[in-house]
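Me: I'd enjoy going through this fold with you, one question at a time. Could you take me from a single residue out to the sheet around it?

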Amino acid sequence: MTQPEALRALLSAVAQGQISPDAALDQLKYLEFEPIEDFAKVDHHRTLRTGFPEVIWGPGKTVDQIVQIMRSLQARNPVVMATRIDSEVYGQIRQQLPEALYYEVARICALVPLNLAPHRPGTLGILTAGTADLPVAEEAAITAELSGFRVVRLWDVGVAGLHRLLRHQHLIREMDVLIVVAGMEGALPSVVAGLADCPIVAVPTSIGYGASFQGLSALLTMLNSCAVGIGVVNIDNGFGAAMLAGQILRTAAKLKAHP
């Protein structure tokens, strides 16, 4: 009922006398949020407000807490996600939710319909500087795909071998938004921004030697970029990068629909 289409259908049914106001009120009982025991208040209204449902942050929660929240979200959303889930935790979750899927590199556990396919406008390109950046990049990619976006992956095209990136300029030009993931010195987003005509979401990773300060060096490089059109998210925040890119694509679609 937190999906706009379902809410519209319910209101139409009330208007046409197909369902009573009391019955509709019962269906809307937890529209704002649903308390789960004394440890969570699940935000079912978030899809209506922001366009995307609530996503579960795994660390710090018990397996039982994660399972209860996933079941609550599953009742009202076609896709349910839990991030930063280790394989051992997923094994325990699957004992209670056998239908749960696991994306190992991204460390995402999800409940997904069989007919899931891209249904949102635009194409999101995701680039990594190196193979070591893949966990963060895959977190962004899987988040975007589960949110309904078409994703194109381009891995290991960092500035240490710039010819690898330049060979894919045609793909870069075809993207509507780009997420660029890099550790070490974090220079790749600046280079890509000089080649692309779309927004760039830069993601610093904690990959690097001691002087990289666990990603702080890459973060500062991206914030100080001389290239334009770059927005920077926090270190290792692939999920946040996907959500920002998704909101950019949704806004572009709204502008196109209502010029």
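Me: Which residues does Val201 touch, leaving out those up to four places away in sequence?
Reply: Happy to start there; keep in mind that this is a predicted model. Contact here means heavy atoms within 4.5 Å. With that cut-off, the residues touched by Val201 are Val177, Leu178, Ile179, Val180, Gly231, Val233, Ala241, Leu244, Ala245 and Ile248.

Me: Which residues have the most contacts inside the largest nonpolar core?
Reply: That core has 21 residues. E7, H6, E9, E10 and helix H11 (238–257) each supply at least two of them. Those with the most contacts inside the core are Leu124, Ile126, Ile179, Val181, Val201 and Val203.

Me: In what order do the five strands of the open sheet come?
Reply: Good one to trace by eye. The pairing in this sheet is parallel. Strand E8 (150–154) and strand E11 (230–232) each have a single partner strand, so they stand at the edges. Neighbouring strands are turned by 25 degrees against each other on average, direction ignored. The order is E8-E7-E9-E10-E11.

Me: What is the bridge partner of Leu124 in E8?
Reply: Strand E7 covers residues 123–128 and runs parallel to E8, with five bridges joining the two. For Leu124, the partner in E8 is Val151.

Me: What angle does the direction of helix H6 make with that of E8?
Reply: Helix H6 (residues 134–146) packs on the sheet, touching E7, E8, strand E9 (177–182) and strand E10 (200–204). Its direction and that of E8 make an angle of about 160 degrees.

Note on methods:
Residues are numbered from 1 along each chain as its sequence is written. This is a predicted model: local features need pLDDT of at least 70, side-chain atom pairs count only at pLDDT 80 or more; totals for chains, interfaces and linings use all residues. Side-chain values use heavy atoms; hydrogens and water are left out. Two strands pair if DSSP finds at least two bridges between them. Helices (H or I, at least four residues) and strands (E, at least two) are DSSP runs, numbered from the N terminus. Axes are lines fitted to C-alpha atoms, for helices over the stretch in contact, and angles run from 0 to 180 degrees between N-to-C directions. A nonpolar core is a set of buried Ala, Val, Leu, Ile, Met, Phe, Trp, Tyr and Cys residues joined through side-chain atoms within 4.5 Å. Buried means under 20% relative accessible area, exposed over 50%, partly exposed in between (1.4 Å probe, protein chains only).
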